[in-house]
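Trainee: Could you walk me through how the parts of this structure fit together? I'd like to ask as we go.

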Amino acid sequence: MISRDEILKILSKYDEHGLKIATICSHSALQIFHGARMEGLETLGIALPSTKPYYESFSLAKPDDFIIVEDYRKILREDLQKRLIEENALIIPHGSFVEYVGAGNILEKFYVPMFGNRLTLYWESDRERQYEWIMEAGLPHPKRYYSPEEIDKLVIVKLCGAKGGSGYFKTSSTSEFYSKIAELRRKKIIGEDSGYIIEEFIPGVRLYPHFFFSPIREPNLISLPYGSLEILGMDRRLEVIDEIHRGLPETIEDFLDFTVVGNTPVVVREKLIIDILEMSSKIIQASRKLFHPGLIGPFCIEVMYHPEKGFKIFEISTRIVAGTNLYPYGSPYSYYYYNEPMSMGRRIAREIKEAIKIGKLGELVY
Amino acid sequence: MISRDEILKILSKYDEHGLKIATICSHSALQIFHGARMEGLETLGIALPSTKPYYESFSLAKPDDFIIVEDYRKILREDLQKRLIEENALIIPHGSFVEYVGAGNILEKFYVPMFGNRLTLYWESDRERQYEWIMEAGLPHPKRYYSPEEIDKLVIVKLCGAKGGSGYFKTSSTSEFYSKIAELRRKKIIGEDSGYIIEEFIPGVRLYPHFFFSPIREPNLISLPYGSLEILGMDRRLEVIDEIHRGLPETIEDFLDFTVVGNTPVVVREKLIIDILEMSSKIIQASRKLFHPGLIGPFCIEVMYHPEKGFKIFEISTRIVAGTNLYPYGSPYSYYYYNEPMSMGRRIAREIKEAIKIGKLGELVY
Amino acid sequence: MISRDEILKILSKYDEHGLKIATICSHSALQIFHGARMEGLETLGIALPSTKPYYESFSLAKPDDFIIVEDYRKILREDLQKRLIEENALIIPHGSFVEYVGAGNILEKFYVPMFGNRLTLYWESDRERQYEWIMEAGLPHPKRYYSPEEIDKLVIVKLCGAKGGSGYFKTSSTSEFYSKIAELRRKKIIGEDSGYIIEEFIPGVRLYPHFFFSPIREPNLISLPYGSLEILGMDRRLEVIDEIHRGLPETIEDFLDFTVVGNTPVVVREKLIIDILEMSSKIIQASRKLFHPGLIGPFCIEVMYHPEKGFKIFEISTRIVAGTNLYPYGSPYSYYYYNEPMSMGRRIAREIKEAIKIGKLGELVY
């Protein structure tokens, strides 16, 4: 694994005033570039030949410059890494960045400085480690079943072998579990020895609040002894299952697809914001214990709320999430902190500018 | 019941230029404080020890000062009322304020001046009186059944004994009605002698438009002979039932929970805005007849629309509703009146400022 | 059919600096007037006596002046057309304008200059021609069935005889098709000889992206050799069926009603924006071939996305759609082009102003 010292050594040679915000042209890149522009920072887009012209058409969200690759994994090539470093590029990782380049490759082979703590990739990418993190934070979460024989009520089965959002099914008995797994194997949707995780099915309302944690600002919450925590937005993810009432054929394949197609805006009862801020501050503190200095910058917790059962946390996304694309000009929450349009992309750029000003950029980078 | 004269006498001793916008830190308090700040008014938050730090973390929405109580009902204590009055506090009531302090307590024991007509508490808090109000306004509403024996199609049963949003079930026959009531009693969800209201079930799309009625501005609608009516936003409420397609267990308990978890934005067909404005102006006129001077300030009507059956009105909320939290920086409707961000919280503060300027604050207070 | 030359001759007599943005007070008129005001253009509302006062109540979205008619079709009257022309009125057509006045009437009898290419009315109003357009663009679309005997899986049947959004049903077999048609005829919902179109039912997420195509600006997309294409927003339509989980009676009548009641905001995965821009640029190019100079100004494509099956395009709306009413102060996409609030209504006004400035208004009008 590339050490933080190695990355900070590379960063130390950067011309901070010529710093370029760089990312792959996908996921939330328009917002990231748009936000950087609003803060007066230069931008660099890593694009495919086919996507470049579309990004260029967004006059205020296009990057100042492009690096064109045939395939995103190519940015691991030595010459391209060298170029990114020479251009003073600071990578803003997003979900597609990690998906296309690979968490392992980033940890082992990608020497370009990244905004945030790249150790989150290690802790987030594996379901077991993510679970350990939630446990360390002491937050309520769905019950885990360690064997299909234990299934005693409705559970959700998360398949480790299947791609992206497609690896889920529901069942309420051991025998049904085995028959569904057999069907999926027969149809080659999963491999013969694919793993799975079985979790209690939680009824309730899904909510995806977005946060920004600044380790360099003054503390703003008693429950967090250092840094400042802001809730900058909230969304709900839109998946094919949300159209099921319009006549989706009820075949097993369709039920399995939980790919996020889009996002819709939501605000939560104000009383619950308190709980949400409390949970997220515990996530930050646990991260500090597990992988010092812990979470930095944007993250999202994926929660389910039920009026009688309270909150359960399902997952942590340790970087800018696509739901923030709803709010390139501010969200119903961001205006409680900023009297100007503050997207997550702009907030990242603002943090970088503030850090450069006080000579603390290294604290935000790994 | 405390008379309006008593309240106005207390208000008459206020230093209007030192007026403080005060409310309980819950529900829509962030928006109320944020709006007051935008209008340059001072703010005072009534908070619990546990919620204060979270409110303080919102740099532009935190109140200027706090009164800390162990329990919100404590603000009925003589010393705290005295302090609020000495601080020139004008209470902005919201749903949680009424829930925590109690409508009866506010009417009988709370002497601090409140924005709006506190008689709305009397008219809104009882289902029968609210029904009388809708009838007085002559608006279409769901049919009432006065006996379970009359049930001849799908009805919704609203339980008076159950808490909050949890007291509902649906049935389509007299026998099913009795068996569901028996089940609820057996499970102690309702008491042996809890009352209920039976209403026709109306299919259609739920909409919650938000209004502000100013009695001090020039009339802006022919259908309203006095005051100005604005539609400042619209939302849809998000409840657990809206996730039913994701596998909510279909038990009677879950079906009964209609607690609002959050709100999502919506706009309605422009043609229907006309109907909505017409209905709300009738609600205002009826309120003037039933409890002079009637509704003042923010309110919401809860309607169901069906393309073939038109609108039916279900409920009136006579104060700022949580759905307005979607729009702290303006809504798709507010910009048709204001070329600046106008939340409901800010609109309230704006009204207070305008009234002070022309010496009419008393007309907005009870 | 009125020729473009005839319209341009009338336009040539206009005082362009006294131009008035005119439309019927319905659909998206508030946004159109509000946008024109922001651009400093004068406005003229065509209203019914009953709707005028409500439009007047919107201080920043009311038209500067009104023409009152008893019935919208009356604007075909010679004296009213003469008055509109004398007032230098440029009509912005919207869905209700076309519905109330009639596509055929507009093409044959309405001499007032309109923004955009009125030939789109001819190409859009007929399902067969619209289908030809989508085929010409080479875009994926639902499979058509030319006979009920061919039905081999779930299909959606679009009834040509039924009004507005009400003419749809789903079926999966030939025999069920005939029994449903018989029921609809027996209930007089459709006539004995009403036509129908049978299309493959596509599961997926519905999305309605809104575009503005400017033929007078510099090209901004390689895939479009002329003009500039912007995605200015996206919505989802809200219909009664979206409340089905709340207990909508499952009768055939209710299922048939697809009238749009409102719109809700959405953003799509950034990766899919590329596909959406590519599809819409093909729609523009096909329109240029089929009816020169093709699409001008605002339009919307109605698409379904399924993670495994990609996009299918259902329909094209060749004018401002009601979903744009969500964004009178800018959308999550508009800010990537404009650092100021840019609604579709304002974009139209901006285009007109730019065209006047460079002497090219005629290129936008028919």
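Mentor: Sure, and here's a term to start with: to superpose copies, we fit them by least squares on the C-alpha atoms of residues with pLDDT of at least 70 in both. This is a predicted model, where local features need pLDDT of at least 70, side-chain atom pairs count only at pLDDT 80 or more, and totals for chains, interfaces and linings use all residues. Residues are numbered from 1 along each chain as its sequence is written, while chains are lettered from A and ligands numbered from 1 in the order in which they are written.

Trainee: What rotation superposes chain B on chain C?

Mentor: The fit of chain B on chain C leaves an RMSD of 0.0 Å. There is 0.0 Å of shift along the axis, and the rotation is 120°.

Trainee: And how are chain A and chain C related?

Mentor: Chain A can be laid on chain C with an RMSD of 0.0 Å, by a turn of 120° and a shift of 0.0 Å along the axis. The two copies are therefore related as by a three-fold rotation axis.

Trainee: How many residues do chain B and chain C each bring to their contact?

Mentor: Residues are in contact if their C-beta atoms, placed from the backbone, lie within 7 Å. By that rule, the contact takes 35 residues from chain B and, from chain C, 37 residues.

Trainee: Which element of chain B gives the largest share of the side that touches chain C?

Mentor: Elements are DSSP runs numbered from the N terminus: helices (H or I, at least four residues) and strands (E, at least two). Several elements of chain B supply at least two residues each, among them strand 9 (205-214) and strand 13 (297-306). The largest share is 4 residues, and it comes from helix 11 of chain B.

Trainee: Which class do 21 residues of that side of chain B, the one touching chain C, belong to?

Mentor: Ala, Val, Leu, Ile, Met, Phe, Trp, Tyr, Cys and Pro count as nonpolar, Asp, Glu, Lys and Arg as charged, and the others, Gly among them, as polar. The side of chain B that touches chain C has 6 charged and 8 polar residues, and the 21 are nonpolar.

Trainee: Which residue is the bridge partner of Val267(B) in strand 11 of chain C?

Mentor: Strands pair if DSSP finds at least two bridges between them. Strand 12 of chain B and strand 11 (residues 262-265) of chain C run antiparallel and are joined by 2 bridges. Val268(B) stands opposite Gly262(C), and the partner of Val267(B) is Asn263(C).

Trainee: Which strands are at the edges of the open sheet of 6 strands?

Mentor: The order is 12(B)-11(C)-10(C)-9(C)-13(C)-14(C), with antiparallel pairing. An edge strand pairs on one side only, and here the edges are strand 12 of chain B and strand 14 (310-317) of chain C.

Trainee: Where chain A meets chain C, which residue stands opposite Asn263(A)?

Mentor: That contact takes 37 residues from chain A and 35 residues from chain C. There, 2 bridges join strand 11 of chain A to strand 12 (residues 267-268) of chain C, which run antiparallel. Opposite Asn263(A) stands Val267(C).

Trainee: Do chain A and chain C meet through what kind of surfaces, the same or different?

Mentor: Only 8% of the interface residues of chain A are also interface residues in chain C. So the copies meet through surfaces that are different.

Key
Two residues are in contact if their C-beta atoms, placed from the backbone, lie within 7 Å.
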